[in-house]
Amino acid sequence: MSTAAPKPSDVPRFERIVTREDESFLWRRDDYPWERNVWNYHPEVEIHLINNASGIAFVGDYIGEFGPGHLTIVGGGLPHDWVTTLNPGQRIEGRDTILQFDADRIMRFRDQIPELAELDGFMQRIQRGVAFTGATARNGAALLGRIGDLTGLQRLVTGASKNAMA
């Protein structure tokens, strides 16, 4: 007999994202279930990778299936949850890899770094959520994994490097 993990409630829960003083973004790998794996929202942008499970994704007004390698970017304030059906007592280690950042903090540098203005359109598109597929999803997943092993400036520039996606 299997049971479903808790389903999203009618009202998403606010999640407070806290980065360390020496970081501009939060990176973590989550087991499932976990108390923060709920229908939630936060002002930060979230890049969310499902490493090793399948289930139903709830992102804004979208409901659809996901599987291993599912890579999504969710704009700030957009409610989201990824629900996997489990047997009683079952746990999936490292199901999710998450990267969260404050888009406003990054975009404040447009006056000093004009190339950041190219992000305006992208930031608008992600407000409803964007799922990546194919080579883009595979390359993004690999990059997201590499970022977690790095620290300091090396961690930051890995994501910005043109060769990072190669």
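This report covers the cavity, one pocket, the aromatic contacts and strand β3 of a predicted model.

## The enclosed cavity

A search of the whole structure turns up 1 cavity of 30 Å³ or more. The largest cavity holds about 100 Å³ of space. Its lining is made of 16 residues. Nearest the centre lie R36, N37, N40, E46 and H48.

Four strands are listed as giving two or more residues to this lining: β3 (25–32), β5 (45–50), β9 (80–83) and β11 (92–101). The largest share comes from β9, with 3 residues. By residue class, the lining of the largest cavity divides into 7 charged, 5 polar and 4 nonpolar.

## Strand β3 and its partner

β3 is mostly covered, with 6 of its 8 residues buried. The strand runs antiparallel to β11, and 7 bridges join the two. Within this pairing, W27 stands opposite L99 in β11. Both β3 and β11 also contribute to the lining of the largest cavity.

A charge–ring contact involves Y32 and R95. The charged end of R95 sits over the ring of Y32, 3.7 Å from the ring centre.

## The cis bond after Y32

Y32 is also one side of a cis peptide bond, with P33 on the other. Omega there is about -5 degrees. P33 itself belongs to the loop between β3 and β4 (40–41).

## Two aromatic pairs

The count of aromatic pairs comes to 2. In one, the ring centres of F14 and Y41 are 5.5 Å apart and the planes stand at 65 degrees, so the pair is edge-to-face. F14 is in strand β2 (residues 13–14) and Y41 is in strand β4, so the contact ties together parts that are 27 residues apart in sequence. F14 is partly exposed, at 46% relative accessible area. Y41 also counts as partly exposed, at 29% relative accessibility.

The other pair is W39 with F58. Their ring centres are 6.4 Å apart and their planes lie at 80 degrees, so this pair too is edge-to-face. The contact links distant parts of the chain, 19 residues apart. W39 sits in the loop between β3 and β4, and F58 in strand β6 (residues 55–59). Both W39 and F58 are buried. That sets them apart from F14, which is partly exposed, and from Y41, also partly exposed.

## The loop between β3 and β4

Several of these features meet in one loop. P33, on one side of the cis bond, has its place between β3 and β4. W39, which pairs with F58, is in the loop between β3 and β4 as well.

## The second largest pocket

The second largest pocket contains about 310 Å³ of space. It is lined by 20 residues. P43, V45, D102, A103 and D104 lie nearest its centre.

Two helices and a strand are listed as giving two or more residues to this lining: α1 (103–107), α2 (119–125) and β11. The largest share, 4 residues, comes from α1. The lining of the second largest pocket divides into 8 nonpolar, 6 polar and 6 charged residues.

## Where β11 recurs

β11 appears in several of these sections. The strand is joined to β3 by 7 bridges. It gives two or more residues to the lining of the largest cavity. It does so for the second largest pocket too.

Definitions and conventions. Residues numbered from 1 in each chain as written. Predicted model: local features only at pLDDT ≥ 70, side-chain atom pairs only at ≥ 80, totals over all residues. Heavy atoms only, no water. 1 Å grid on protein atoms, 1.4 Å probe; cavity = no way out; pocket = protein on both sides within 12 Å on 5 of 7 lines; lining within 4 Å. Points joined across faces, edges and corners; volume = space filled by probe spheres on them. Nonpolar A, V, L, I, M, F, W, Y, C, P; charged D, E, K, R; others polar. Phe/Tyr/Trp six-rings, centres within 6.5 Å; stacked < 30°, edge-to-face > 60°. Buried < 20%, exposed > 50% of the residue type's maximum accessible area, 1.4 Å probe, protein only. Lys NZ or Arg CZ within 6 Å of the ring centre and 35° of its normal. Pairing = 2+ DSSP bridges.
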